[in-house]
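Colleague: Thanks for sitting down with me. Could we go through this model together, from the overall fold to its main pocket?

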Amino acid sequence: MAGFAHQLLSGIVSGSTYAALALALVMIYRATNLVNFAQGEMAMFSTYVAWTLLSMGFPYWLAFPITIVLSFALGVGLEYAIVRPISSRSALDVVVVFIGLLMIFNSLAGWLWTTTIKTFPSPFPATMIPKNTYISAHEVGLLIVTFVLLSGLYVLLQFTRLGLAMRAVAQNRESSMLVGIRVGRMLALGWGIAAAIGAVAGIMVAPILYLDPNMMLGVIIYGFAGALVGGIDNPWGAVAGGLLVGVLENLLGTYVIGTEVKLSVALVVIIGVLVVKPSGLFGRTAVTRV
């Protein structure tokens, strides 16, 4: 029973990272109807930026917000310079561009920081929490940071005029333009927030996975699975989907299929959802009148 509790809690911790990435993917999809295949590599690149700041002597809790701001600027810049010009192109063109961005960020990180695996410090104690054998202090900190991030985003989207404008653009761009909302700015803001969320996910998971250019390749697959399970057009469904995928991955990988092939859990989930319920558990089914 103790082992099951440990795996369950570990799955929730992993799932919180997947939930953050799934939320970033959903925000971009809702804003632009595009799937950013480079989301994981952008998070990895931001994590290297944080590692560089820490290596220069910046305190962790100063390097953290600086990295978030730089990641936000990166997302906004990509939307203006690359995404906006290709948004009206064919689906194949868009996929090729995003895969190209994935490879560029991966190669650039290897060129700038080499492919040698690096350790990434945690701001939380390395020891287990006293009188607890299930979860480490870093994992508790990861959960807290993720919860604060998601709560802040919920408040932004639901209770502010800016969030209302972003939701309006996601629902109907043409109507938003007619009422005076600057759609371009909202799209850029969505990309910036998604990049910042990815940076947080990368920084939080790096002490567990270690830092190298390929660190997020597996994580982003789980993030995709979470987004599809919850609904690619539903932010909070994506969060629930990410948590569910994290728990399933841990429990099935430990007790059913083995840790060597547990990445296949995410792939099976993606295929299963696309076949059975493409809109996800909480997504909306699009109905087109003909």
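**Fold and pocket**

Modeller: Gladly! From the N terminus on, the elements of the protein run α-α-α-α-α-α-α-α-α-α-α. Please keep in mind that this is a predicted model.

Colleague: How many helices and how many strands are there in the protein?

Modeller: Each element in that run is an α. The count for the protein is therefore zero strands and, by the DSSP runs, eleven helices.

Colleague: What radius of gyration does the protein have, set against a compact globule?

Modeller: The C-alpha atoms fill a box of roughly 60 × 45 × 35 Å along the principal axes. For 290 residues, a compact globule would come out near 19 Å, and the protein agrees, because its own value is 19 Å.

Colleague: What share of the residues in the protein is buried?

Modeller: Buried here means under 20% relative accessible area. Of the 290 residues in the protein, the buried share is 49%.

Colleague: Now the largest pocket: which helix gives the most to its lining?

Modeller: The lining has 20 residues, with Ser14, Tyr18, Ile208, Leu209 and Glu249 nearest the centre of the pocket. H1 (2-32), H5 (137-159), H8 (183-209), H9 (217-230) and H10 (235-255) each supply at least two residues of the lining. The one that gives the most, with seven residues, is H1.

Colleague: And how many residues of that lining are charged?

Modeller: Glu249, one of the residues nearest the centre, belongs to the charged class. The lining divides into nine nonpolar residues and eight polar ones, and the charged residues number three.

How values were computed. Residues numbered from 1 in each chain as written. Predicted model: local features only at pLDDT ≥ 70, side-chain atom pairs only at ≥ 80, totals over all residues. Heavy atoms only, no water. 1 Å grid on protein atoms, 1.4 Å probe; cavity = no way out; pocket = protein on both sides within 12 Å on 5 of 7 lines; lining within 4 Å. Helix = DSSP H or I, 4+ residues; strand = E, 2+ residues; numbered from the N terminus. Rg over C-alpha atoms; globule rule 2.2 N^0.38 Å. Buried < 20%, exposed > 50% of the residue type's maximum accessible area, 1.4 Å probe, protein only.
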